[in-house]
Amino acid sequence: MSSPIETFEQLALSAPLLTTLVELGYEAPSPIQAATIPLLLAGHDVLGQAQTGTGKTAAFALPILEKLNWADRQPQALVLTPTRELAIQVAEAFQGYARHLPGFHVLPIYGGQSMSIQLRTLRRGVHVIVGTPGRVMDHLRRETLSLATLRTVVLDEADEMLRMGFIDDVDWILEQTPKEKQVALFSATMPEPIRRVAHRHLHDPKEVKIKTSTTTVSTVRQRYWRVSGLHKLDVLTRILEVEDVDAVLVFVRTKTETTELAERLEARGYACAALHGDMTQALREKTIEQFKAGGLDIVVATDVAARGLDVQRISHVINYDIPYDTEAYVHRIGRTARAGRAGDAILFVAPREMRMLRAIEKATRQTLEPMQPPTREAIAGRRLAQFKQQISEILSAQDLDFFYQVIGEIEEEQEISAHDIAAALTWLAQRDRPLQFEGKADPKEPEEAPARPERTFREPKPEGRRERRPRDAGRDSADLDKIRYRIEVGREQGATPQNIVGAIANEAGVESRYIGRIEIFDDYSTVDLPDGMPAEIFQHLRRVRVRQYPMNISRLDGQELAKKRTRAKPVMDNDSQPFERKSAKRRPAKPMDDV
Ligand code: AMP
């Protein structure tokens, strides 16, 4: 066996891609990338057991980009994703990785988006298509898309596709692809139906599984915050305010992020520095020395740079970005609780990454405690306590004769009491760090929200990579009036709640949590959807197919949909509409070719 792959240079990727990775600040391939990229480059089929957050998008996108035939403007690769959010994310990732490959075209295709734009772009020529099964099938049936030229097919999050009832569609789509092709299937779990698809469509696949050796780390208190409502940076600073911290090691994924986050923390008044693999050995050592000696309170590091770091002062490890695998997690949290001290580890985990959290719990044989971001009251209380403490320390430790004299003069000259002067001085002292902390109100956390419907096939809308505030923060389906609809597919057509939810969620842009009760009858089903469905979405849904049959949705009460209803009920603010507006909210359906 050749030596293990530790750098991108070892992966035989061409210069434009390597330059991009350097620019993105990626320091080293993640385990799934190190294992998968050489296999895909060598032309093997791959069965990869990996979840979101492991870096699997680059694991398939980089080899696809590497192997593109630039003369051919017909689709060469197809990536199927369970949801349109993921389709958009993956298409964006392709575009990002192709920033030094001029002329590269990727097209995301998903339900609800204008067909004509997709068609126009298809005609102009695209190299890679990323789509949800429903819309890809639509195109194939209308013969507006041919997969005859495909050389690679990727099934991303295959278990999600299974859960959403798409696996037969995936099977059907694969049958429309050329015999000779490369297939990569990624799934967090490998239940039997997925293995069957793999067996039918993958040729002698190489299995890639991220190692999850079990270790126990007992002296570290481990908690996690499920990212929602507040920005990660705000929550980090709140934690730094209220916890008993000594030195803090923060882990992020890229070199660029180490410097960016360190700068932002510095701007907020913390003694902070970055630690990454591109620093000279001298600077690296100096940073670590300062960290040990107390000159720095926070270091923001990548996994590679923090390898073996031994600083006994580290009281807290903050996993600002989730690690790629459980080994990295164990290594990270092992940077605290050193030399018999106690230590705290806090993990920020996006809703989509909850599976990685479960994998970590399994590997460490410990459950992580959920935590809420410190509240405004907690921060204000802490600041006040510190302020009072400071006053008593100053009174007992400082020589204040001169200052008593100043107070006396002010009392006399301005005829005001020492009490008034103290109030004014208190105001002055807290200006930069207000005692009446007015940070953002703490959002209602999901745990406290009304119970969600039982069928939760999907996590709520992913936070995405840009820490968007969830549109639904603080609201839930239970708050909304529902209308019962009838759809013309039932048990006899093979409909299941999963594929109904999958079709409606993807095609109407309704988050699955807003989809209410579903009842399946012999030849029709009913589904409760929030009141206020815009007419255009209703029209679109009528044509959407479940198990190949058009839904032909109609209101069960026989009423026509109010003609001009294009806004959701006024009780909802802009951030909490269950229906995604076609024009305003969705990202431009523009082909992503302006690299
Ligand atoms: P994924 O699991 O593909 O959704 O990737 C999760 C995140 O990790 C994305 O934000 C990527 O940009 C980032 N990422 C992927 N590979 C690397 C790497 N080798 N180094 C640093 N960040 C990475």
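How do the residues of the shell around the ligand divide into nonpolar, polar and charged, and what number falls in each group?

**Figure 1. The shell of residues around the ligand in the predicted model.** The shell divides into 5 nonpolar, 8 polar and 3 charged residues. In total, 16 residues surround the ligand. The closest are Tyr 26, Gly 55, Thr 57, Arg 253 and Tyr 324.

**Figure 2. Backbone atoms of Thr 54, Gly 55 and Lys 56 beside oxygen of the ligand.** A polar backbone atom of Thr 54 lies 3.0 Å from an oxygen atom of the ligand. For Gly 55, the distance from a polar backbone atom to a ligand oxygen is 2.7 Å. A polar backbone atom of Lys 56 is found 3.2 Å from an oxygen atom of the ligand. On its own, the ligand has 500 Å² of accessible area, of which the protein covers 87%.

**Figure 3. A nonpolar surface patch that includes Tyr 404.** Ile 391, Leu 395 and Tyr 404 make this patch, with an area of about 320 Å². Tyr 404 belongs to helix α16, which spans residues 401-414. Tyr 404 counts as exposed because its relative accessible area is 54%, and the cut-off for this class is over 50%.

**Figure 4. Gly 509 in a loop between a helix and a strand.** The loop that holds Gly 509 runs between α18 (497-508) and β16 (518-520). Gly 509 counts as buried because its relative accessibility is 6%, where buried means under 20%. Although Gly 509 and Gln 113 are 396 residues apart in sequence, their C-alpha atoms are 9.8 Å apart in space.

How values were computed:
Residues numbered from 1 in each chain as written. Predicted model: local features only at pLDDT ≥ 70, side-chain atom pairs only at ≥ 80, totals over all residues. Heavy atoms only, no water. Helix = DSSP H or I, 4+ residues; strand = E, 2+ residues; numbered from the N terminus. Buried < 20%, exposed > 50% of the residue type's maximum accessible area, 1.4 Å probe, protein only. Patch = residues over 30% accessible without salt bridge, like charges linked within 9 Å, V, L, I, M, F, W, Y side chains within 5 Å. Areas by Shrake-Rupley, 256 points an atom, 1.4 Å probe, with all protein chains shown as cover. Salt bridge = Lys/Arg side-chain N within 4 Å of Asp/Glu carboxyl O. Near = heavy atom within 4 Å. Polar contact = N/O pair within 3.5 Å; in protein donor to acceptor, adjacent residues only side chain to side chain. Nonpolar A, V, L, I, M, F, W, Y, C, P; charged D, E, K, R; others polar.
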